[in-house]
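Student: Could you take me through one part of this structure up close? I'd like to see how a single piece sits within the whole.

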Amino acid sequence: MLSGRGFNQVYNVSGGIKAWQGKTAVGPQTLGMDLFDGTESPQDFLKVAYSLEQGLHRFYLDMADKARTPAVLALFEKLAAIEVKHQDAIFDAYIRMDDAAAVSREQFDALTEKSAGEGGLTTDQYLKLFDSDLSVETEVISLAMSIEAQALDLYQRVGARMKNADSAAIVHGVAGEEKQHLERLGKLMDTL
Amino acid sequence: MKWMQFFTPVESKDYKETQEMISDHSPEDITILDVRQPSEYKQSHIPGALLIPLPQLSDRVSELDPDKPTLVY
């Protein structure tokens with residue numbers, strides 16, 4: 001989030017506070033943003049965002065399966081459902097763009113599914129990377145927060161580059177909801 | 001479906017490197033940023049760390065100096 005806003009010397013403390021507490025540090029957390037080189041069009045960003053929402057939806061369903069309390073289960077199910085609405089909003093933003101090729105929802109699905117299949121990590125690989133203990137709810141929620149923060153960051157950057165006002169408003173709306181997700185996850189964390 | 005690699009690239013520093021960076025800078029020349037929840041911060045944090053919980057970060061970026069090296073956890 002910071003490195004996209006003029007912070008040129010941002011460093012991730014590998015292992016976070018765990019490393020400072022003398023526990024085993026996790027592996028490298030540096031993931032390349034291979035799909036972006038800074039020259040992408042807003043349409044390209046929207047395709048990535050659509051895939052991201054798909055991933056978030058499935059991630060939350062997976063997390064709901066692993067939930068151990070009704071509150072966490074309900075939260076993850078609700079978050080999963082909201083991500084589907086985000087996909088609708090992103091598709092809507094895409095077809096409203098002046099220079100976007102006319103595509104049906106099915107064609108857009110196929111387009112984004114294809115790009116999502118090229119590289120990237122499976123959910124299990126992703127979880128391993130963060131060394132999260134899924135039996136510990138605070139760790140599951142921390143992981144979800146890190147993902148939501150990345151999504152929020154992506155949408156804020158996309159929104160800033162949108163020339164079409166309608167599309168920008170939709171993306172900002174989705175960004176606002178991702179921010180609310182983060183806040184709700186934070187509040188949930190405080191109750192555990 | 002596989003996860004897209006959508007993360008912003010950020011260099012990682014391990015415990016030793018983090019310690020070195022902190023000791024090589026005077027406190028006013030480096031930002032140690034804790035983005036966890038206040039309850040976690042209260043439990044333990046790196047000495048001198050500034051707390052801005054992740055949900056608030058996008059609204060509070062202006063509180064930070066982009067020219068200073070920033071360690072985030």
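Student: Let's look closely at one helix of chain A: how many residues of α2(A) are buried, and where does A:Phe59 fit in?

Tutor: Happy to, and one thing to keep in mind from the start is that this is a predicted model. Let's begin with the chain that holds your helix. Chain A has seven helices and one strand, and if you walk along its sequence, the order is β-α-α-α-α-α-α-α. So that you can find your helix, α2 of chain A covers residues 42-66.

Now for its length. Helix α2(A) has 25 residues, and at 1.5 Å a residue they should span 36 Å. The C-alpha atoms at its ends are 35 Å apart, so the expected span and the one in the model agree. As for cover, 18 of the 25 residues of α2(A) are buried, which makes the helix mostly covered.

Zoom in on A:Phe59, which is found in this helix. Its relative accessible area is 0%; buried means under 20%, so A:Phe59 counts as buried. You can also relate A:Phe59 to another place on the chain: A:Leu79 is 20 residues away along the chain, and the two C-alpha atoms are separated by 9.8 Å.

It helps to put another helix of chain A beside this one. Helix α6 of chain A takes in residues 137-161, which is 25 residues. From its first C-alpha to its last, α6(A) reaches 36 Å, close to the 36 Å expected at 1.5 Å a residue. Helix α6(A) is mostly covered too, with 20 of its 25 residues buried.

Next, have a look at A:Gly186, which belongs to helix α7 of chain A, residues 165-191. With a relative accessible area of 1%, A:Gly186 is buried, because buried means anything under 20%. In sequence, A:Gly186 and A:Ile141 are 45 residues apart, yet from C-alpha to C-alpha they are 8.1 Å apart in space. Leaving out residues up to four places away in sequence, A:Gly186 touches A:Met145 and also B:Gln37, a residue of chain B.

Now step back to chain A as a whole. Of its 192 residues, 51% are buried. Take the contacts in chain A between residues at least 6 apart in sequence: 71% of them join residues at least 24 apart. The accessible surface of chain A comes to about 8700 Å², and carbon and sulfur atoms account for 52% of that.

That touch on B:Gln37 is a good excuse to meet chain B. Chain B has three helices and four strands, and they follow the pattern β-α-β-α-β-α-β along the sequence. Buried residues make up 48% of its 73 residues. For contacts in chain B with a separation of 6 or more, 45% come from residues 24 or more positions apart. Chain B exposes about 3700 Å², with 49% of it supplied by carbon and sulfur atoms.

One last stop is the second largest pocket, which has a volume of about 160 Å³. Its lining is made of 14 residues, and those nearest its centre are B:Pro27, B:Ile30, B:Thr31, B:Ile32 and B:Gly48. Sorted by class, that lining has seven nonpolar, four polar and three charged residues.

Back to your helix, then: α2(A) is mostly covered, and A:Phe59 is one of its residues.

Key
Residues are numbered from 1 along each chain as its sequence is written. Chains are lettered from A and ligands numbered from 1 in the order in which they are written. This is a predicted model: local features need pLDDT of at least 70, side-chain atom pairs count only at pLDDT 80 or more; totals for chains, interfaces and linings use all residues. Side-chain values use heavy atoms; hydrogens and water are left out. On a 1 Å grid over the protein atoms alone, a cavity is a set of points where a 1.4 Å probe fits but cannot get out, and a pocket is an open set with protein on both sides within 12 Å along at least five of seven lines; lining residues have an atom within 4 Å of a point. Grid points are joined across faces, edges and corners, and a volume is the space filled by probe spheres set on the points. Ala, Val, Leu, Ile, Met, Phe, Trp, Tyr, Cys and Pro count as nonpolar, Asp, Glu, Lys and Arg as charged, and the others, Gly among them, as polar. Helices (H or I, at least four residues) and strands (E, at least two) are DSSP runs, numbered from the N terminus. The expected span of a helix is 1.5 Å times one less than its number of residues. Buried means under 20% relative accessible area, exposed over 50%, partly exposed in between (1.4 Å probe, protein chains only). Contact means heavy atoms within 4.5 Å. Accessible areas come from the Shrake-Rupley method with a 1.4 Å probe; for residues, only the protein chains shown count as cover.
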